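Work through the exercises below with the sequence and the structure side by side. Try each task before reading its solution.

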Amino acid sequence: MMVDVDALMDPEISEALKAVPPMGTFTFAELPGLRAQRAAALALVQLSDAVERRDYEVPGGEGAPAVTIRVHRPKGAQGDLPCIYWMHGGGYVFGTYEMEDLRFDKWSPMLNCVGVSVEYRLAPETPYPGPLEDCYAGLQWVYEHAAEIGVDASRIGIGGASAGGGLAAGLALLVRDRGELPITFQLLIYPMIDDRRVTPSSRWEVPIWPPLSNERGWAAYLGPLTGGDVPGYAAATRAKDLAGLPPALIVVGSLDGFLDEDVEYAMRLTHAGVPTELHLYPGAPHGFDGITPGTTLARRARRAMEEWLAAVMAKR
């Protein structure tokens with residue numbers, strides 16, 4: 001069933017999107033130029049002086065290059081703090097850990113936590129499992145060096161948005177199955193988790209990350225696995241067993257192409273006994289909290305995420 005996206009979109013978001021450059025589909029040949037444009041825009045972001053930021057090069061997985069992580073810590077903070085380990089979005093083909101500077105410029109002082117963002121390799125240059133193994137390697141280093149960076153190793157959670165949410169969901173499964181690292185929560189913001197793209201919402205011509213972009217993003221990430229036997233670590237909806245995963249918050253808008261897969265995943269987590277919250281925002285498209293940050297729905301969503309994070313990080 002198709003929906004009238006324009007008619008159903010939140011009016012405030014619809015108006016705000018008029019000031020946003022069009023985000024149409026992309027080709028692989030365009031990726032270098034588009035990545036450069038996004039990097040130039042990031043260079044204009046203004047940050048406060050309330051957060052200390054330090055980069056570390058940490059060992060990658062077996063046979064893989066080193067992984068860069070950025071540690072964000074509130075200035076003047078004392079003792080070991082809870083940690084949010086974060087994976088940026090970008091459809092598995094765009095993005096950089098620098099995208100999360102602004103997020104942790106707010107969250108680290110507000111929540112009195114350490115934020116860690118990871119620079120995983122991008123597809124199609126590095127398909128699955130490379131990006132996920134980069135994320136695992138960075139998380140492992142954070143756990144093993146928690147005292148060095150002022151992190152409470154018993155209170156490390158993970159999160160991400162869009163493709164970063166997909167990596168976070170896959171990472172939660174990988175961490176559970178390897179049994180080497182404890183994580184205490186997963187924050188999945190409109191996660192990209194179903195490569196099959198067979199749900200009604202996956203076919204909607206939405207303004208942000210439409211079906212053709214989604215198809216190309218998955219093809220880039222999965223590489224030779226595309227259309228075949230894809231593991232749950234690559235596309236979390238493929239996982240058959242969700243039991244034993246950490247508590248989750250899933251956030252998605254009703255006009256997001258990932259709506260159906262995210263709602264179904266929240267239901268399956270709940271059925272598997274995982275404490276799960278699902279926050280569904282009517283009339284909101286993909287990326288609404290970041291692309292239209294001043295709108296009422298975006299502010300509500302960020303406030304809900306911050307309240308949830310404060311609660312889960314307070315638990316010992």
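**Exercise 1.** Decide whether Asp101 is buried or exposed, and find what its side chain meets.

*Solution.* Start with accessibility: Asp101 has 9% relative accessibility and therefore counts as buried, where buried means under 20% relative accessible area, exposed over 50%, and partly exposed in between (1.4 Å probe, protein chains only). This is a predicted model, in which local features need pLDDT of at least 70 and side-chain atom pairs count only at pLDDT 80 or more, whereas totals for chains, interfaces and linings use all residues. Residues are numbered from 1 along each chain as its sequence is written, and side-chain values use heavy atoms, with hydrogens and water left out.

Next, place the residue: Asp101 belongs to helix 4 (residues 101–111), helices being DSSP runs of H or I with at least four residues and strands DSSP runs of E with at least two, numbered from the N terminus. Then look at its neighbours: leaving aside residues up to four places away in sequence, Asp101 touches Leu47, Arg70 and His72, a contact being heavy atoms within 4.5 Å. With Arg70, the side chain of Asp101 makes a side-chain polar contact of 2.8 Å; such a contact is a pair of N or O atoms within 3.5 Å, and within protein one must be able to donate a hydrogen and the other to accept it, while residues adjacent in sequence count only if both atoms are side-chain atoms.

**Exercise 2.** Locate Leu47 and state which surface patch it helps to make.

*Solution.* Leu47 sits in the loop between helix 3 (31–42) and strand 1 (51–58), and with a relative accessible area of 34% it is partly exposed. Together with Val45 and Leu102, Leu47 makes a nonpolar surface patch of about 220 Å². Patches are made of residues with over 30% relative accessible area and no salt bridge, like charges being joined within 9 Å and nonpolar side chains (Val, Leu, Ile, Met, Phe, Trp, Tyr) within 5 Å; the areas come from the Shrake-Rupley method with a 1.4 Å probe, and for residues only the protein chains shown count as cover.

**Exercise 3.** How many residues does the largest nonpolar core have, and which helix gives the largest share?

*Solution.* A nonpolar core is a set of buried Ala, Val, Leu, Ile, Met, Phe, Trp, Tyr and Cys residues joined through side-chain atoms within 4.5 Å. The largest one has 67 residues, and those with the most contacts inside it include Tyr85, Met87 and Leu171. Its largest share, nine residues, comes from helix 7 (residues 163–178). Apart from this core lies another, of 36 residues, among them Ala161, Ile208, Ala284 and Leu309. For Leu171, the residues touched, not counting those up to four places away in sequence, include Tyr85, Met87, Leu132 and Ile158.

**Exercise 4.** Which parts of the chain are tied together by the salt bridges of Glu125 and Glu133?

*Solution.* The structure holds 13 salt bridges, each being a side-chain nitrogen of Lys or Arg within 4 Å of a carboxyl oxygen of Asp or Glu. One of them joins Glu125 to Arg35, with the closest N and O atoms 2.8 Å apart. Glu125 lies in the loop between strand 4 and helix 5 and Arg35 in helix 3, so this pair ties together parts that are 90 residues apart in sequence. Another joins Glu133 to Arg178, with the closest N and O atoms 2.6 Å apart. Here Glu133 lies in helix 5 and Arg178 in helix 7, so the parts tied together are 45 residues apart in sequence. Salt bridges that share partners also join Asp55, Arg70 and Asp101 into one network.

**Exercise 5.** Find where the backbone has cis peptide bonds and a positive phi.

*Solution.* Keep in mind that most residues other than glycine have a negative phi, and most peptide bonds are trans. A cis peptide bond joins Ala123 and Pro124, with omega about 5°, and another joins Tyr128 and Pro129, with omega about 10°. Pro124 is in the loop between strand 4 (114–119) and helix 5 (130–144), and Pro129 is also found between strand 4 and helix 5. As for phi, Tyr190 is not a glycine, yet its phi is positive, about 30°; Tyr190 is buried, at 6% relative accessibility.
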